[in-house]
Amino acid sequence: MATLLRQHQAAGVLNLPRSLRATLAGLLAGSSLRVGWASGLTALLPSHGLDYRKLSGHQMDRYRQLLDRAFPPQGEAHPLVFRPRTTSVQAAQDLLASRLEGAPYATISLGAMSWSKRLGDDRVVDVIRHLDQAGLRTVLLGAPGEDQAHAAHVSEQAPGVVDLTGGTPLSVAAGVLLGARVAVGNDSALSHLAAACGVPAVVIFGPTDPALTCPRGPWVRAVRDESLPCLVCQQGACPVEGHPCMKGLDPSLICRAVDEALIAGVPSSAVAGGREQTIERGLQ
């Protein structure tokens, strides 16, 4: 990474993930501007750093504080709806043309950083059947490997789904999400990408806290079982038998949120002057 930075004569490194690798690469490459998270001895690595754990609020607000540390505050930030490249949108349309034949569709993103954040396969099938009743085909998205295994299991129980897991780079996945009527997913990258594209997003939470990591966009609904005492355990491996927050989640909670998303019908074109029109972003 440091070699790549030197080759491109990078003026600096901006490292928002809580990983030290990019900041260290900037130091090794001789970059004078190294913006990243720091605590303890790692505070020596960035030229402009903050301790993520000592900040509060949503992660996006913490990112903004880090940016303000490195650059003069630019005043109020106006969120923008993300637009994938035209080539990415066209690639997505070409990929879906023969599979969907023009039918409207929803996406379900299967992946997550840890298995405890994954919605159970049976619940995914319940949502697919509900989408089918709403006249929508389902497109499955995810990474190679584990996501593909889950998609194969889901496809056996719900024939007719379009399985794109492991088959789309992130750029093309953005194009697929852009055309969806609604995007359902776990607390994961593709849910954030869907919300950023302005697509109505239903995001399932259990071990993580939507107040800290819920995607932001024109219309986002976080869904979880509020009756469970073990919510927001932040555990990568669930210690509770049956993993009730994700595998035992009442599917009607998800389906109700999906119906609300379809009624809201906030299209990705809901942009005025390039600025996002915030229709609704609440927790349920």
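Here are some short exercises with worked solutions on the structure above.

This is a predicted model, in which local features need pLDDT of at least 70 and side-chain atom pairs count only at pLDDT 80 or more, while totals for chains, interfaces and linings use all residues. Residues are numbered from 1 along each chain as its sequence is written, and side-chain values use heavy atoms, with hydrogens and water left out.

**Exercise 1: the cysteines**

Work out how many disulfides there are, and look at Cys-197 and Cys-233.

Step 1. Get the rule straight: a disulfide is a pair of cysteine sulfur atoms within 2.5 Å. In general, it is a covalent bond between the sulfur atoms of two cysteines.

Step 2. By that rule, the count is 0 disulfides. For Cys-197, the nearest cysteine sulfur belongs to Cys-214 and is 16 Å away. For Cys-233, the nearest one is that of Cys-238, 6.2 Å away.

Step 3. Now check the cover. Buried means under 20% relative accessible area, exposed means over 50%, and partly exposed is in between (1.4 Å probe, protein chains only). Cys-197 has 0%, so it is buried. Cys-233 has 31%, so it is partly exposed.

**Exercise 2: the sheet of three strands**

Find the strand order and the edge strands of the open sheet.

Step 1. Strands here are DSSP runs (E, at least two residues), helices are DSSP runs too (H or I, at least four), and both are numbered from the N terminus. Two strands pair if DSSP finds at least two bridges between them.

Step 2. The open sheet has 3 strands in the order 1-2-3, with parallel pairing. Strand 1 (12–14) and strand 3 (48–50) are the edges, as each pairs on one side only.

Step 3. Zoom in on strand 2 (residues 33–37): its parallel pairing with strand 3 runs over 3 bridges. One bridge partner to spot is His-48 in strand 3, which goes with Val-35.

Step 4. Leu-33 sits in strand 2. Its relative accessibility is 24%, so Leu-33 counts as partly exposed.

**Exercise 3: another strand pair**

Say how strands 4 and 5 pair, and how many residues of strand 5 are buried.

Step 1. Strand 4 (residues 105–109) pairs with strand 5 in the parallel sense, over 5 bridges. Across this pair, Ala-106 stands opposite Thr-138 in strand 5.

Step 2. Strand 5 (residues 137–141) is mostly covered, with 4 of its 5 residues buried.

**Exercise 4: salt bridges**

Compare where the partners sit in Asp-61–Arg-216, Asp-68–Arg-64 and Asp-187–Lys-117.

Step 1. A salt bridge puts a side-chain nitrogen of Lys or Arg within 4 Å of a carboxyl oxygen of Asp or Glu. The structure holds 9 of them.

Step 2. Asp-61 and Arg-216 have their closest N and O atoms 3.0 Å apart. This pair links distant parts of the chain, 155 residues apart: Asp-61 is in helix 3 (residues 59–70), and Arg-216 is in the loop between helix 9 (210–213) and strand 9 (219–223).

Step 3. Asp-68 and Arg-64 meet at 3.3 Å, N to O. Both lie in helix 3, 4 residues apart, which is about one turn of the helix.

Step 4. For Asp-187 and Lys-117, the closest N and O atoms are 3.9 Å apart. They also link distant parts of the chain, 70 residues apart. Both Asp-187 and Lys-117 are buried.
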